[in-house]
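This report describes a single protein chain, from its overall form to selected residues. The sequence and the model are shown first.

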Amino acid sequence: MSMTAAPFVVGLRQLPYYDSLQTPEALAAWFQQRLDEGLCEFDHSDLEKGQETLLGRAIGQLPGDSARQLQFDMRVGVVPAQHNDDRFGAKYYDTRPEYLDGVVDRVLKQLGLTQLNTLMLMRPDPLMDVEATGRALDAIIESGRARQIGVANFLPAQWRHLQAAMQTPLACQQMEMSIARSQMLFDGMWDSLQRDNMAGLAGSPLWGGRIFENQLGQVLKALADAYQVSPAGIALAWLNTIPGQPRAVVGTLRPERLQTLVHDAGLTLSRPEWFALLEAVRACRVP
């Protein structure tokens, strides 16, 4: 096992479930603690827009230097059923230019920021006017409202279709990726990202905690004990060993868990260790 740099992103999806973080003062202190630990990139989506007032008030309480260190990745383009007040009440996708502009302007205003780090389309939209959406995304970059554009859950043909309509290079793709969700390493998806110079963001890197169960959990614990790190640290090391090093989007907001992951960050595994974990989750030998 060797050490390399392996930063991760902190996802904010679970924020509503942390009672201790529901005041601006408490959340501001939490952000400052993360910044002090070297964690500055946070993942947010339009699905959680009810939290943006709280986030904005917390950011407003931070010293100016701290607030400027915050980097927010924003996933947009999915409208949940509870936000649709027409007679059908369906969940739907929206990548129209006016929708994207409205979301970006609203989020920046509510968070008190001038720029998003990454604006990501959350799902491929079968009704997308690719030319119009591509122009809108370019305009968002040109206006300085986002530093880069990414996608989530796209197939190669889908992101390449969008890329052909844009001047701005697509920077990244976020997708569910973990020891238990590794098919993109074998079906060409990861190779396509590498070929197109796009970074990978690994959502659900701990598979909701289920990777710590059964045979896989036993192998994770054995490696963790051997190298005096946490089983979660080993799970992130599995990702970090992959060429191109997908960056984990970690869902926990518990300070002690995040501190442990910061402590364990940067590990990579040997080939036998990496494949031992893969075989443990598959419960069979690799072909």
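How many helices and how many strands are there in the protein chain? The chain contains eleven helices and twelve strands. Its radius of gyration is 19 Å, close to the 19 Å given by the globule rule for 287 residues, so the chain is as compact as a globular protein of that length. The model is a predicted one.

## Overall dimensions and packing

The C-alpha trace of the protein chain spans about 50 × 45 × 40 Å along its principal axes. Of the 287 residues, 52% count as buried. Among contacts between residues at least 6 apart in sequence, 76% join residues at least 24 apart.

## Surface and charge

The accessible surface of the protein chain amounts to about 13800 Å², and 51% of this area belongs to carbon and sulfur atoms. The chain carries 26 positive and 32 negative charges, and the mean positions of these two sets are 3 Å apart.

## Annotated region

An unreviewed UniProt entry annotates residues 50-271 as "domain: NADP-dependent oxidoreductase". Over residues 50-271, helix accounts for 43% of the chain and strand for 18%. The C-alpha atoms at the two ends of this stretch are 44 Å apart.

## Helix H2 and its surroundings

Helix H2 comprises residues 52-61. Its buried residues are Glu52, Leu54, Leu55, Gly56, Ala58 and Ile59. These buried residues pack against three helices, namely H1 (24-36), H3 (64-69) and H4 (97-111). They also pack against strands E3 (41-45) and E4 (71-76).

Helix H3, one of the partners of H2, contains Ser66. Is Ser66 buried or exposed? With a relative accessibility of 7%, Ser66 falls under the 20% cut-off and therefore counts as buried. Apart from neighbours within four places in sequence, Ser66 is in contact with Gln32 and Leu35.

## Ala165 in the loop after helix H6

Ala165 is located in the loop that runs between helix H6 (156-164) and strand E9 (170-176). Its relative accessible area is 14%, and Ala165 is accordingly classed as buried.

Which residues does Ala165 touch, not counting residues up to four places away in sequence? They are Val130, Glu131, Gly134, Arg135 and Asp138. For Asp138, the separation from Ala165 is 27 residues in sequence and 9.4 Å in space, taken from C-alpha to C-alpha.

## Two residues with positive phi

Asn197 is a residue other than glycine with a positive phi, near 60°. Asn197 occupies the loop between helix H7 (189-195) and strand E10 (199-203). Its relative accessible area of 66% is over the 50% cut-off, so Asn197 is exposed.

Trp207 is not a glycine either, yet its phi is positive at about 50°. Trp207 lies in the loop between E10 and helix H8 (214-227). What is the relative accessibility of Trp207? The value is 18%, and Trp207 therefore counts as buried. Strand E10 thus borders both loops: the loop with Asn197 and the loop with Trp207. Asn197 is exposed, whereas Trp207 is buried.

Terms used: Residues are numbered from 1 along each chain as its sequence is written. This is a predicted model: local features need pLDDT of at least 70, side-chain atom pairs count only at pLDDT 80 or more; totals for chains, interfaces and linings use all residues. Side-chain values use heavy atoms; hydrogens and water are left out. UniProt positions are given in the numbering used here, feature names are shortened, and annotations may be inferred rather than shown by experiment. Helices (H or I, at least four residues) and strands (E, at least two) are DSSP runs, numbered from the N terminus. The radius of gyration is taken over C-alpha atoms; the globule rule is 2.2 Å times the number of residues to the power 0.38. Buried means under 20% relative accessible area, exposed over 50%, partly exposed in between (1.4 Å probe, protein chains only). Contact means heavy atoms within 4.5 Å. Accessible areas come from the Shrake-Rupley method with a 1.4 Å probe; for residues, only the protein chains shown count as cover. Lys and Arg count as positive and Asp and Glu as negative; His and the chain ends are not counted. The place of a charge is taken as NZ of Lys, CZ of Arg, CG of Asp or CD of Glu.
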